[in-house]
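Work through the exercises below with the sequence and the 3D view side by side. Try each task before you read its solution.

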Number of protein chains: 2
Amino acid sequence: MTVKFRSIKKEIRILGIDDGRFEFRNRLSKLVEVIGVVYRGGYWLDGVMRTEVEIDGMDATEKITAMIANSPHYNQLRVVALNGITLAGFNVVDIKKLFKKLRLPVIAVTREKPNLEEIRKALMSLPDYERRWKAIKNAGKMIEVCTRIGVKPIYMQIAGLLEVDAEKILCKTSTRSNIPEALRVAHIIASGLAQLKEKKSGDSL
Amino acid sequence: MTVKFRSIKKEIRILGIDDGRFEFRNRLSKLVEVIGVVYRGGYWLDGVMRTEVEIDGMDATEKITAMIANSPHYNQLRVVALNGITLAGFNVVDIKKLFKKLRLPVIAVTREKPNLEEIRKALMSLPDYERRWKAIKNAGKMIEVCTRIGVKPIYMQIAGLLEVDAEKILCKTSTRSNIPEALRVAHIIASGLAQLKEKKSGDSL
C-alpha cells in the first residue's frame with residue numbers, strides 16, 4: 001500500500017523525530033528522550049511531543065507509534081521524518097511497520113550514507129540480532145536526494161509513499177538546511193534538553 | 001542604563017521564555033519546567049535551554065539569569081522576551097534586575113492587561129509579599145503595542161531599552177501571531193513537555 005499525494009502543499013504537516021545525545025559512561029538511566037516536532041512545511045512550529053526509548057532496546061517502533069497515535073496532531077499529520085532508522089544506539093525503528101500501524105508515510109533521512117556491513121557487525125553483539133537486522137533491511141534502499149542547491153545531498157529510505165513524492169516533500173520542507181526543518185528543530189530541542197539532564201546528573205554525583 | 005539599538009536586524013537573536021502549565025491538584029513536584037527558545041528574528045529556531053522554578057517561589061529571577069548566563073547562546077542574544085513577569089504562579093521575574101545582571105534588554109509581553117489590584121490581593125496571601133510586589137512595580141508601566149495589522153494589540157513592560165526599540169523588536173519578530181515567534185514556540189514546547197509529565201504521573205498513580 002502506498003499513499004499517493006495529489007500535490008505537496010507548502011504547509012504540509014510534517015513530524016520530525018530525533019533523540020537526545022547520551023553519554024555511555026555518565027548515564028544514570030537506560031532511557032533516552034525522543035522528541036517529535038510538528039511543522040507546517042518548512043516554516044512554522046505547530047506542536048511538540050515526546051517519549052522515551054531504551055538504549056539499544058527493542059521498543060522504538062512501538063513507542064513512536066504510541067506517541068503519534070496519542071497526539072492531538074495525529075489527524076493533521078501527512079508524513080513522518082526520522083533522523084535515520086535507529087534511536088538511542090541500536091533501537092531500530094521499523095519504518096514499514098510504523099507506516100502500516102499509523103497509515104502515515106515515513107521518510108528516514110541521513111546526512112551520511114551508513115556502512116551497512118559495519119552496522120551488521122555491531123548488531124551481532126546485541127540480543128535479538130535477527131529482528132534488528134530484519135528491521136534495518138526492511139527500511140529498503142538508500143536513495144540520494146538533493147534537497148537544496150549548493151549543499152550536500154542527503155540519503156533517504158521510505159515507507160508508504162512514492163519516491164517522487166518523498167523527494168518533493170524533502171525539498172519543500174528543507175528551508176534552512178539540507179534536512180526538513182522539523183527534523184533540524186527536533187534535533188536542537190532533544191539535544192538542548194539532554195544537555196541539561198547531563199548537567200543535573202553531574203551536579204548530583 | 002539603556003541599550004541603544006542602531007538598527008533592528010531582521011534576524012536579531014531573541015530568547016523567548018515561558019513555563020509549562022501545571023495542575024495544582026495533581027502535582028507531585030513543587031517545580032515547574034521553564035523553557036527558553038532562541039530565534040533568529042521571527043524565522044529560525046537556533047537553540048533551546050531549560051531550567052526549573054518553584055511554584056509560587058522566589059527563585060525565578062536568579063534561575064533565569066543562570067540559565068541564560070550558562071548558555072552557549074548568551075553572547076549572540078540581543079534581547080529577552082518573557083510571557084508576563086510571573087512564572088509558575090507568582091514567582092515574579094524582576095526584569096530590571098535581569099537586565100542589570102545580564103546587560104540584556106528585557107521585554108515582558110502579555111496578551112491581556114493584568115488587573116494589578118487583583119494581583120496585589122493574591123500576593124498578600126503569600127510569604128515575602130513586599131519583595132514580590134516590589135518586583136511587580138519594578139517592571140514599570142504597561143505599554144500597548146500593535147504588533148500586527150488586524151490582530152489584537154498586546155501589552156509590554158520593558159527594562160534596558162527604549163520604548164521605540166522594544167516596539168520595533170516586537171513587530172519584527174511577531175511573524176506568525178501577535179507575539180514574538182520565540183515566545184509562541186517557547187509556550188508550545190513548555191506545554192508539550194508538561195503534558196507528557198502529567199500523563200506519566202497519572203499513569204504511576
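**Exercise 1. Take stock of chain A.**
Task: How many helices and strands does chain A have?

Solution. Chain A has 6 helices and 9 strands. Helices (H or I, at least four residues) and strands (E, at least two) are DSSP runs, numbered from the N terminus. Before going on, note the ground rules. This is a predicted model, where local features need pLDDT of at least 70, side-chain atom pairs count only at pLDDT 80 or more, and totals for chains, interfaces and linings use all residues. Residues are numbered from 1 along each chain as its sequence is written, chains are lettered from A and ligands numbered from 1 in the order in which they are written, and side-chain values use heavy atoms, leaving out hydrogens and water.

**Exercise 2. Judge the fold of chain A.**
Task: Compare the radius of gyration of chain A with the value for a compact globule.

Solution. Step one: find the rule. The radius is taken over C-alpha atoms, and the globule rule is 2.2 Å times the number of residues to the power 0.38. Step two: apply it. For 205 residues the rule gives a value near 17 Å; chain A has 16 Å, so the two agree. Step three: look at the box. The C-alpha atoms fill roughly 55 × 35 × 35 Å along the principal axes. Step four: check burial. Of the 205 residues, 54% count as buried. Buried means under 20% relative accessible area, exposed over 50%, and partly exposed in between (1.4 Å probe, protein chains only). Step five: check contacts, meaning heavy atoms within 4.5 Å. Among contacts in chain A with a separation of 6 or more, 67% join residues 24 or more positions apart.

**Exercise 3. Count the charges of chain A.**
Task: How many positive and how many negative side chains does chain A have?

Solution. Lys and Arg count as positive, Asp and Glu as negative; His and the chain ends are not counted. Chain A has 36 positive and 24 negative side chains. The centres of the two sets lie 5 Å apart. Each charge is placed at NZ of Lys, CZ of Arg, CG of Asp or CD of Glu.

**Exercise 4. Find the inner face of a helix.**
Task: Which residues of helix H2 (residues 95-102) of chain B are buried?

Solution. Step one: list them. They are B:Ile95, B:Leu98, B:Phe99 and B:Leu102. Step two: look down the axis. The buried residues of H2(B) fall within an arc of 95°, so they line one face of the helix. The arc is that of the directions from the helix axis to the C-beta atoms. Step three: recall the general rule. An α-helix has 3.6 residues a turn, so residues three or four places apart point the same way. Step four: turn to the other side of H2(B), where B:Lys100 and B:Lys101 are exposed. Step five: find the partners. The buried residues pack against helix H1 (60-69) and strands S4 (79-83), S7 (106-110) and S9 (154-159) of chain B.

**Exercise 5. Check two phi angles.**
Task: Is B:Ala88 buried or exposed? What is the phi of B:Arg103 near?

Solution. Most residues other than glycine have a negative phi. B:Ala88 has a positive phi, near 45°. B:Ala88 lies in the loop between strand S5 (86-87) and strand S6 (91-92) of chain B. Its relative accessible area is 0%, so B:Ala88 is buried. B:Arg103 also has a positive phi, near 60°. B:Arg103 sits in the loop between H2 and S7 of chain B. At 45% relative accessibility, B:Arg103 is partly exposed.

**Exercise 6. Link distant parts of the sequence.**
Task: Which residues does A:Thr173 contact, leaving aside neighbours within four places in sequence? Then repeat for B:Ala182.

Solution. A:Thr173 is in helix H5 (residues 163-173) of chain A. At 0% relative accessibility, A:Thr173 is buried. Its contacts are A:Ile12, A:Ile14, A:Gly41, A:Gly42, A:Ile179, A:Pro180 and A:Glu181. A:Thr173 and A:Arg40 are 133 residues apart in sequence, but 8.5 Å apart in space, C-alpha to C-alpha.

Now B:Ala182, in helix H6 (residues 181-204) of chain B. B:Ala182 is buried, at 0% relative accessibility. Its contacts are B:Ile14, B:Leu15, B:Gly16, B:Val37 and B:Tyr39. B:Ala182 and B:Gly36 are 146 residues apart in sequence and 8.3 Å apart in space, C-alpha to C-alpha.
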